[in-house]
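Biologist: I'd like to learn how to read pockets, domain contacts and salt bridges. Could we go through them together?

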Amino acid sequence: MNISVIGTGYVGLVVGACLAETGNNVWCADIDHKKIDGLKKNILPIYEPGLETLVERNQSEQRLTFTTDLKEAIAPSEVVFIAVGTPPGEDGSADLRYVLDVATVIGRYMTRPTVVVTKSTVPVGSARKVVAAVAKEAKFDFSVCSNPEFLKEGAAVEDFMRPDRVVLGVDSDRARRVMMDLYAPFVRTGKPIILMDVASAEMTKYAANGMLATRISFMNELANLCEALGANVDLVRKGIGSDSRIGQSFLFAGPGYGGSCFPKDVKALVQTAIECGLPLNVLKAVEAANVRQKQVLAEKVKSALGGDLSGRRIAVWGLAFKAGTDDMREAPSLALIEALLAGRASVCAHDPAAVDHARALLGNRIDYAETNYEALKDADALVVVTDWNEYRNPDFDRVKRTLKQPVIVDGRNLYDVERMRELGVRYYSIGRPSA
Ligand code: NAD
């Protein structure tokens, strides 16, 4: 099939590369010339395990083409994916401007009956706006499909190639048939393609992210309570997670959720509900709890250092919003670093992937270390913010030797409290006893 993907960010690039990998001819288009110039030379704008190999292979086998010319991409395509950003507007609702711009351009350049697929996360009812925008200039029949994306950054290729499920909201037989064919290679292990109406598909994405964010905020609040009462949230997690009605995933307490999806999608769904006059009170509380949680690490550092941060130097391990990605959008590290700088501390940070993106946001307000141990030099405390594998079992003797004093604040509960006690580390984590 000839396919184009408009918007070559975290989602569009993964979708394009994976669809090329199953034999389709794919054009990935973006208005960002720098990004496209780099991609033509196999230089990826993002860090995502396994993606570079796919891009290289499919580009060299001429199934994958990068372009800034939307006409070149859309004209030969039977299926066009819209994968541009839907950032929050001032009131938190999703800004559809980029999606609708692209929809208009698709109408203008299509040269055959086309399935227009919304991959971007868009509020319920957006498909009608997409139809209207495409129809403005379209000279051929088209159908729409809402195909929300559930990939996780850090495991995006794996998630797309082997999804738990594919959700297709379709308005016609043609869209259903074309999309089922397109996705057949990805569900050969029996995972379902779930067909539904367009509005339900649009809602499914927000519902999934709302539910996951709810679990995180619930556990984070519970963790803070555990800490106050002398309970250990890790044990509580195991105790409840073994209940098959609850399950083990998304029960880890931490420094608050970040990334490009949960914060934005929770806000957008809350706003949609307000506009309907049916407020989602649970989700509002989820968001408020998350904003609060993002302050917890800085408060712990401050209290560990006697209530005053000024003149202190703090080592930060991990900048990305989670392990496996270089994405800094809404990362908890940003809230921590802002609070540390506001308290007149200096910061030296390490991250295996996200330093370039962090530098674009924080500039030279902090120092960046080449290695995680280098970050510890002259530091009064170490804060672990992201759960990168390489931070899980460091050489603690070296950590202790390099820090000015053995203080660790662990935002991911990576280390064993008892071991820290034995090592003589003053250790603070989330929802567990201190050492
Ligand atoms: P992104 O910001 O990484 O990429 C968006 C790309 O679209 C950018 O490269 C931008 O230059 C390009 N773009 C903007 N306007 C354009 C136009 N008119 N024509 C062509 N290209 C244009 O965003 P992302 O993280 O890939 O997210 C895209 C959408 O997918 C969002 O709605 C997001 O909510 C959703 N989503 C993201 C994830 C994720 O993990 N990142 C997961 C599921 C769904």
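Modeller: We'll take the domains, then a pocket, then the charged pairs. This is a predicted model, where local features need pLDDT of at least 70, side-chain atom pairs count only at pLDDT 80 or more, and totals for chains, interfaces and linings use all residues. Residues are numbered from 1 along each chain as its sequence is written, and side-chain values use heavy atoms, with hydrogens and water left out.

Biologist: Which domains does the assignment give?

Modeller: Domain bounds come from an automatic or database domain assignment. Here that yields domain 1 (2-196), domain 2 (205-292) and domain 3 (294-428).

Biologist: How much area do domain 1 and domain 2 bury between them?

Modeller: Buried area is the accessible area (1.4 Å probe) that two parts lose on being put together, summed over both. For domain 1 and domain 2 that's about 980 Å², 60% of it on carbon and sulfur atoms. D91, G92 and T121 supply 37% of the area domain 1 buries against domain 2, more than any other three residues.

Biologist: What lines the second largest pocket?

Modeller: A pocket is an open set of points on a 1 Å grid over the protein atoms alone, where a 1.4 Å probe fits, with protein on both sides within 12 Å along at least five of seven lines; lining residues have an atom within 4 Å of a point. This one has 13 lining residues, with P123, V124, K129, T272 and E275 nearest its centre. Domain 1 and domain 2 each give at least three residues to that lining.

Biologist: And how many salt bridges are there in the whole structure?

Modeller: Side chains of opposite charge can pair when their charged atoms come close. The rule wants a side-chain nitrogen of Lys or Arg within 4 Å of a carboxyl oxygen of Asp or Glu. The whole structure has 24, but the interface of domain 1 and domain 2 has 0. One pair is R57 with E21, closest N and O atoms 2.7 Å apart.
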